[in-house]
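Me: Please take a close look at one part of this predicted model: the open sheet and what surrounds it. I would be grateful for a single connected account.

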Amino acid sequence: QVQLVESGGGLVLAGGSLRLSCTSSGRTFNTYAMGWFRQAPGKERVFVSAINWRGGSIYYADSVKGRFTISGDSFKNTVYLQMNSLKPEDTAVYYCAADDLNRGSYYRRLETSLYGYWGQGTQVTVSS
């Protein structure tokens, strides 16, 4: 089992920045990738960004490209999401996720179904 805990959410004005963190514990040695998803009220959970530890490939949703940056430490299985130039439409609960299946270094883990472990989420609210 892998436990994930997000932190760093909060209330920010449009144009501001936040940095989310996700720390892992438990059986983390088989984690091949970690990702961030978000879910706005009344909407489905959608992909934001992901990083594959083997190979270091990184992916972003088009809506956050150029504004968000994912980074992390594969040895600690800790992942961060630096969010700049925040917009009101970025308001959502942000979830960290981990995948412990070896799908290949460049596999695009863009769907929620590919992740077996999830954090409890952290609220990000961007006011205009």
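Reply: Strand 1 and strand 3 pair in the antiparallel sense, and six bridges hold the pairing. Within it, glutamate 6 has cysteine 22 of strand 3 as its bridge partner, while leucine 4 is matched with serine 24, also of strand 3. Strand 3 is in turn joined to strand 8 by five bridges, and these two strands likewise run antiparallel. Here leucine 20 has leucine 81, in strand 8, as its bridge partner.

These pairings belong to an open sheet of four strands, in the order 1-3-8-7, with antiparallel pairing. Strand 1 and strand 7 form the edges, each pairing on one side only. With direction ignored, neighbouring strands of this sheet are turned against each other by 15° on average. In general terms, the strands of a sheet pair through backbone hydrogen bonds, in either a parallel or an antiparallel manner.

On the edge strand 7 lies aspartate 73. Its relative accessibility is 26%, so aspartate 73 counts as partly exposed, since that class begins where the buried class, under 20%, ends. Once residues up to four places away in sequence are set aside, aspartate 73 touches Trp53 and Thr78. Tryptophan 53 is 20 residues from aspartate 73 in sequence, and the C-alpha to C-alpha distance between the two is 8.5 Å.

Leucine 81, already met as the partner of leucine 20, leads from the sheet to the interior. The largest nonpolar core has 33 residues, and Trp36, Leu81, Met83 and Tyr94 are those with the most contacts inside it. Two or more residues of this core come from each of strands 1, 3, 4, 5, 7, 8, 9 and 11. Strand 9 gives the most, with five residues. As a general tendency, nonpolar side chains in soluble globular proteins are buried together.

The surroundings of leucine 81 can be given in detail. Neighbours within four places in sequence being left aside, leucine 81 is in contact with Leu18, Arg19, Leu20, Trp36, Val48, Ser49, Phe68, Thr69, Ile70 and Tyr94. Trp36 and Tyr94 from this list also appear, with Leu81 itself, among the residues with the most contacts inside the core.

Aromatic rings add a further set of links. There are four aromatic pairs in the model. In one of them, the ring centres of phenylalanine 37 and phenylalanine 47 are 5.7 Å apart and the ring planes stand at 75°, so the pair is edge-to-face. Because phenylalanine 37 lies in strand 4 and phenylalanine 47 in strand 5, this pair ties together parts that are ten residues apart in sequence. Both phenylalanine 37 and phenylalanine 47 are buried. Ring pairs also link Phe37, Phe47, Tyr115 and Trp118 into a cluster.

Two arginines are placed over tyrosine rings. The charged end of arginine 45 sits over the ring of tyrosine 95, at 3.5 Å from its centre. Arginine 103 lies over the face of tyrosine 107, and the distance to the ring centre is 5.9 Å.

Key:
Residues are numbered from 1 along each chain as its sequence is written. This is a predicted model: local features need pLDDT of at least 70, side-chain atom pairs count only at pLDDT 80 or more; totals for chains, interfaces and linings use all residues. Side-chain values use heavy atoms; hydrogens and water are left out. A nonpolar core is a set of buried Ala, Val, Leu, Ile, Met, Phe, Trp, Tyr and Cys residues joined through side-chain atoms within 4.5 Å. Buried means under 20% relative accessible area, exposed over 50%, partly exposed in between (1.4 Å probe, protein chains only). Contact means heavy atoms within 4.5 Å. Two strands pair if DSSP finds at least two bridges between them. Axes are lines fitted to C-alpha atoms, for helices over the stretch in contact, and angles run from 0 to 180 degrees between N-to-C directions. Rings of Phe, Tyr and Trp (its six-membered ring) pair if their centres lie within 6.5 Å; planes under 30 degrees apart count as stacked, over 60 as edge-to-face and the rest as tilted. A charge sits over a ring if NZ of Lys or CZ of Arg is within 6 Å of the ring centre and within 35 degrees of the ring normal.
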